[in-house]
2 protein chains.
Amino acid sequence: MGQESTTKQTVTERHPIGVFDSGVGGLTVVRALRRALPGEDIVYLGDTARVPYGSKSPRTVEKYSLGCQRFLLDHHVKLVLIACNTASANALPALISASPVPVIGAVDPGAASALAATTNGHIGVIGTLGTVRSNAYARAIGARDANAKLTALACPMLVPLAEEGWIDDEVAALVARRYLTQLFAQDPAIDTLLLGCTHYPLLRDVLARIAAEIARRPVAVVDSASAMAEAARDALGSGPNRRNAAGQLQCFATDTSRLDELAPRFLGEPLTGFDLVDL
Amino acid sequence: MGQESTTKQTVTERHPIGVFDSGVGGLTVVRALRRALPGEDIVYLGDTARVPYGSKSPRTVEKYSLGCQRFLLDHHVKLVLIACNTASANALPALISASPVPVIGAVDPGAASALAATTNGHIGVIGTLGTVRSNAYARAIGARDANAKLTALACPMLVPLAEEGWIDDEVAALVARRYLTQLFAQDPAIDTLLLGCTHYPLLRDVLARIAAEIARRPVAVVDSASAMAEAARDALGSGPNRRNAAGQLQCFATDTSRLDELAPRFLGEPLTGFDLVDL
């Protein structure tokens, strides 16, 4: 194995990066990670038996998230990425307290991406009920730029739309128009739309088109995935795995239903399969 | 309490009926039970922390269903009703084996209702992926009438539509038309539509209207709830609680998010609240 032949690696360098999500949407983060840090091994856990987290209470989300992180730590990860926005928004402090390795959530990188993209400081964020109720994006953006104005809207129909694969048709357009009309009614000056859920990048085209139609000018559409991968690179500092061989991706899930159908859409490459685990 | 003053009750008669569902949709069954057996006490459990079951594998559905039933049995129920069609379709044998009291699923009563309503024997059933994949409705209908023809279609968008409260608008009509067009394309002679999911009765009006539009004649729309209540009355035999005071309804849930908003829509009466439990 390439891993064995690289003599200068420390044990830490050779350990994998851990990523968890409530389901398979977090594979959009894995996709960005593999692009930014191609030599790294990755252990991914999708809590597909208990998906979605987005409609559940902070207490339940925190409990399930701690279980996911424990599983990753048992696999000796050197870094934890919370690909799920709902988990990031509701469980980050608990996850950081419980982890001996650095933990990166989706919210702060997403906020940074949105602030980098906006020209007038008017940002709209869409996400699950759990993410929007937490106010985590408002806090993250406020901490970075007190003058930015954030408008948030929960869009519960977007995850099932993405999972049904109705991603750029009449239903998707109608649902996108209904939600984005509500969002822009609250702040017509929004110039940047932040996708605050790992499922939403699948709907990027229809959301961008309808947002531009409502705003009557182009609207930047950003998500957390690339910014999370950059945060992971920063967290590894001088310790990223520099071997040339492509890192291994090992995927686990708590339920296997629909994985073969859904996972490749988010990952953007074929999958070797998921191992089933009980949490 | 009325319960204490009725001297002729045996211990069995005084025990409650247990009902569980993956979420709050099963309250449509509680509504039918309270109408058919108004003196009975009912213990309801909604597994709202792990909802939905409909997209999950039979293994996970069986595991979670057994946990729900165990909770009801710990509350000394004299009868278990599985309000969730997905659980009924995938876990009924396991639930019956594990229960010392009678267990009533949603599938067989639903099949009986559809056969009672059809005039030409052409029935369409819509439900979750898990319910449709199980073929449980085809088996139940085939066992009762070998000449009946059943056509089944999974409609994953209908549960989120019902939960979002978009129950009779442009989006609901478009989604209903897309699914029902697929269903009637498989059998244009369908004269009865069976709602094979406890959420779907909220969408009854739009489904009936669009089905009639596609079929160009009225289509009977039936569900399991009333038939389950009748099956419960039969199962109690001479043992139903005959006191005149209205039975108590005690509700438990594994997550409390959105309960106050969603539960009354399904129950059709105000709720005194849910107690949170860990399973």
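This report covers model confidence, the domains of chain A and the contact between chains A and B.

This is a predicted model: local features need pLDDT of at least 70, side-chain atom pairs count only at pLDDT 80 or more, and totals for chains, interfaces and linings use all residues. Residues are numbered from 1 along each chain as its sequence is written, while chains are lettered from A and ligands numbered from 1 in the order in which they are written.

**Confidence**

The model scores ipTM 0.88 and pTM 0.90. Chain A has an average pLDDT of 93, where pLDDT is the predictor's confidence in each residue, from 0 to 100. In chain A, 94% of the residues score at least 70. Residues 1-11 of chain A stay under 50. For that stretch the model has seven contacts beyond four places in sequence. Two residues are in contact if their C-beta atoms, placed from the backbone, lie within 7 Å. Where pLDDT is low, the predicted coordinates should not be read in detail.

**Domains of chain A**

Chain A splits into domain 1 (2-105 + 226-276) and domain 2 (107-223). The bounds come from an automatic or database domain assignment. Over C-alpha atoms, the two domain centres in chain A are 24 Å apart. Contact between them involves 25 residues of domain 1 and 22 residues of domain 2. On the domain 1 side, H3 (27-36), H4 (58-74), H5 (85-98), H12 (225-236) and H13 (259-267) of chain A each supply at least two residues. H5(A) gives the largest share, five residues. Helices (H or I, at least four residues) are DSSP runs, numbered from the N terminus.

**Chain A against chain B**

The contact takes 20 residues from each of chain A and chain B. On the chain A side, helix H9 (158-164) and helix H10 (170-186) are the elements giving two or more residues. H10(A) has the largest share, five residues.

The table gives both sides by residue class. Ala, Val, Leu, Ile, Met, Phe, Trp, Tyr, Cys and Pro count as nonpolar, Asp, Glu, Lys and Arg as charged, and the others, Gly among them, as polar.

| Side | Nonpolar | Polar | Charged |
|---|---|---|---|
| Domain 1 of chain A, touching domain 2 of chain A | 12 residues | 10 residues | three residues |
| Chain A, touching chain B | seven residues | five residues | eight residues |

**Symmetry**

A rotation of 180° with 0.0 Å of shift along its axis superposes chain A on chain B, with RMSD 0.0 Å. That is the relation of a two-fold axis. The fit is by least squares on the C-alpha atoms of residues with pLDDT of at least 70 in both copies. Both copies use the same surface: 100% of the contact residues of chain A recur in chain B. Arg50(A) comes closest to the rotation axis among the residues of chain A, at 2.4 Å (C-alpha).
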